[in-house]
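Q: Could you take a close look at the charged side chains in this structure and walk me through how they pair up? I would like the salt bridges first, then anything about the backbone that is worth a look.

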Amino acid sequence: MSQVCLLPKSRSFAAAVILSVASAALAAPATPAKLPVPLDPSLFVGMLKGYKDCRAKYEEMDARIDAAGVRDGSYYRVPGFPYLRTDRYAASFKDQVTGLDEVAGWTRRMREFDQEAREFEYRNLGMSEQDIGTWRYDLLSCGGGLANLELFEDANLAFLRKQVTPGSEYVAKPPKPTDAQRKAIAAHQAEVLKRFSGELPAAAAPLKLWAAKPVEDLSLIAKGYGNAIPDELGVPALIDSQWRAFAEMHAPALWIETAAARDQPGMPITKDGAFTVDPAQPRMHYQITFTRLGGKPLAEINYFIWFAGRDGNTGALDSLIWRVTLDANAQPLVFEAVNASGRDHLWFAAQPLKRRDAGKKDLADAALFPQAEPIAWPVALRIAAGSHDLLRVVPLATATASGSSTPYELRRYEEVFTLATSDGKTRSLYDAGGVIPGVRDDKQAGLFGDQVATPGALHVLGRVPVAYVGNRHFDDADRLDKQLVLPASKVATAP
C-alpha cells in the first residue's frame with residue numbers, strides 16, 4: 001500500500017465482515033498439544049480417583065463452547081493445558097519462576113484467568129445457574145488437581161514454559177514495509193504530533209466535561225499499597241474495593257467537543273444483531289493489569305471509553321483506551337492512549353522520565369511522546385468531535401474552569417463480556433479472536449496494511465497491536481523497559 005487511504009464504503013463493510021471471519025479462524029480451538037509425560041492411569045485411585053476424568057470434562061465443555069461460538073478471546077489458551085490461560089505479564093515469568101512456591105503461584109494465576117474466562121463462556125452458553133455451579137466446582141477442582149499432578153513432572157513444566165507465550169496479532173512473516181509505506185506512516189505520525197503543538201485550538205463544537213461518579217471510599221488507599229503483601233508475581237494483595245478506589249481516583253475527566261450524540265461516552269449494547277453504544281448510559285470501564293520495569297512489577301489501570309461510531313469507522317462503535325501506570329508508591333508514572341484498533345499509541349509522562357529513543361528521527365517506528373513536559377495528575381482528555389482523536393492531555397483544573405461536569409459511571413471491564421441480547425440471552429462484545437464483529441477502523445487498516453492478521457479490527461485488551469513497523473502489543477510486559485530509563489529508586493518493589 002503506497003499511501004494511507006480510506007477504503008470505499010462498500011469495500012469497508014465487506015472488509016469488516018471478512019476480518020470478523022478471519023479473527024474467528026485465528027481463534028480456533030487451542031492446538032491439542034500432548035504432554036511429554038501423561039499421567040499414569042493407575043495413579044487415579046483413592047483420594048486421586050476424582051481426577052481420572054478431568055481432561056475428558058475439559059474436552060466436553062470446550063467442545064460445547066466452540067460449537068456455540070462463545071469462546072472468550074481475552075486470554076491466551078495455553079496449548080496442552082486446558083486449565084490454563086495467560087496474558088503477556090504472566091508469560092513473562094516463564095523462565096524466572098523456580099521452586100514449588102513460585103511455580104504454584106505462577107500457574108495459580110493462569111488457572112484464575114481460565115476460571116474467569118469460563119464464567120463468561122458459561123453465561124453466553126445460556127446455562128442455568130445450577131449447571132454453572134456444577135461445572136464451576138468440577139473444573140475448579142480439576143484445574144488445581146491437574147496442575148499439581150502434571151506439573152510435578154519436570155518435562156511437563158519445561159513444556160509449559162515453551163507453550164505459554166501468547167500469540168501475536170501480526171502475521172507470521174510480515175512483508176517488509178516499502179519506502180512509500182514508511183513515508184506514509186511517518187507523515188501520519190507527524191500529523192499526530194502537529195495536533196499537540198502550539199496552543200490548544202478553539203473547540204470545533206461545544207465542549208462538555210465528564211467526570212467519574214464518586215462511589216468508593218478513597219480512604220481505603222490513603223497509604224497507597226500500605227502493607228499489602230505481593231504474591232509470587234509481585235501483585236499486591238488488595239481487596240476489590242481498594243483496586244476500585246485506585247481506578248476511581250485516577251479515572252480521567254473527558255473534555256469532549258460534542259457535535260452529536262455519538263460524541264458522548266456510552267455503554268456498548270446489542271441492537272438489531274449488531275454492536276453499538278448507547279450514549280444515554282454514560283459509562284467508562286476499567287481493568288487492572290500489571291507490567292514490569294527494571295524487573296519489578298507495576299500496576300496499570302486501563303480505562304475504556306466508548307462512542308457510537310466515528311468518522312472513518314465501519315460500524316456504529318469506537319473505543320479509546322487510556323492507561324495509567326502507577327509507580328511502586330502507587331503514584332502515576334506514565335500515561336498511554338491508543339485507539340482499540342492499535343492506531344495512535346501515545347505516551348505522556350506523569351513524572352520526569354528519560355527516554356531510550358529520544359530524538360529518534362524516523363517517525364515510522366518511533367514511540368510518540370506528543371507533550372514534552374510531565375503532566376500532573378489529575379488530568380482531563382480533550383477529545384475531538386467526530387474523529388474522537390485525542391487532542392491534548394491537560395490538568396483537570398484547565399477543564400473545570402470551563403464549567404461544571406456531568407458524571408459518568410465507572411464499571412468493571414468484565415461487564416462487556418456478557419451483554420444482553422434481544423432474545424434474552426447474552427453475548428460478548430468480542431468474538432473468539434478478541435475482535436469486535438462488524439466494526440472496522442479504516443484508517444488503521446491503511447496504516448497497518450498487511451502487517452496484521454485482522455486489519456482495522458478493534459481488539460480486546462491483551463490483543464491490541466500498536467506498531468506500524470515491527471511487532472509490538474499494547475500489553476507487552478517489556479514495553480516500559482524498551483522506552484524508559486529510570487533511577488533505581490523509581491522501580492523499587494512496592495511496599
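A: Here is a walk through the salt bridges, one unpaired acid and a few backbone details. The model is predicted, so local features need pLDDT of at least 70, side-chain atom pairs count only at pLDDT 80 or more, and totals for chains, interfaces and linings use all residues. Residues are numbered from 1 along each chain as its sequence is written, and side-chain values use heavy atoms, with hydrogens and water left out.

Side chains of opposite charge can pair when their charged atoms come close. A salt bridge here is a side-chain nitrogen of Lys or Arg within 4 Å of a carboxyl oxygen of Asp or Glu. The search of the whole structure finds 37 of them. One of these joins Arg88 to Asp475, with the closest N and O atoms 2.9 Å apart. Because Arg88 lies in helix 3 (residues 88–91) and Asp475 in the loop between helix 10 (442–448) and helix 11 (479–483), this pair ties together parts that are 387 residues apart in sequence. (Helices, H or I of at least four residues, and strands, E of at least two, are DSSP runs numbered from the N terminus.) Arg88 is buried at 12% relative accessibility, and Asp475 is buried at 14%; buried means under 20% relative accessible area, exposed over 50%, and partly exposed in between, with a 1.4 Å probe and protein chains only.

Arg440 and Asp442 also meet in a salt bridge, at 3.0 Å from N to O, and both residues are buried. Salt bridges that share partners join Asp62, Asp66, Arg71, Arg77, Arg85, Asp114, Arg118 and Glu121 into one network.

Now for the unpaired acid. Asp431 sits in the loop between strand 18 (426–427) and strand 19 (440–441). Asp431 is buried but has no salt bridge, and the nearest side chain of opposite charge, Arg463, is 6.7 Å away. For that search, Lys and Arg count as positive and Asp and Glu as negative, while His and the chain ends are not counted. A polar atom of the Asp431 side chain does lie 2.8 Å from the backbone nitrogen of Gly433.

Finally, the backbone. Most residues other than glycine have a negative phi, and most peptide bonds are trans. Asp272, in the loop between strand 5 (267–271) and strand 6 (274–278), has a positive phi near 55° and is exposed at 78% relative accessibility. His388 has a positive phi of about 60°, but is buried at 4%. A cis peptide bond joins Trp377 and Pro378, with omega about 5°.

Methods:
Polar contact = N/O pair within 3.5 Å; in protein donor to acceptor, adjacent residues only side chain to side chain.
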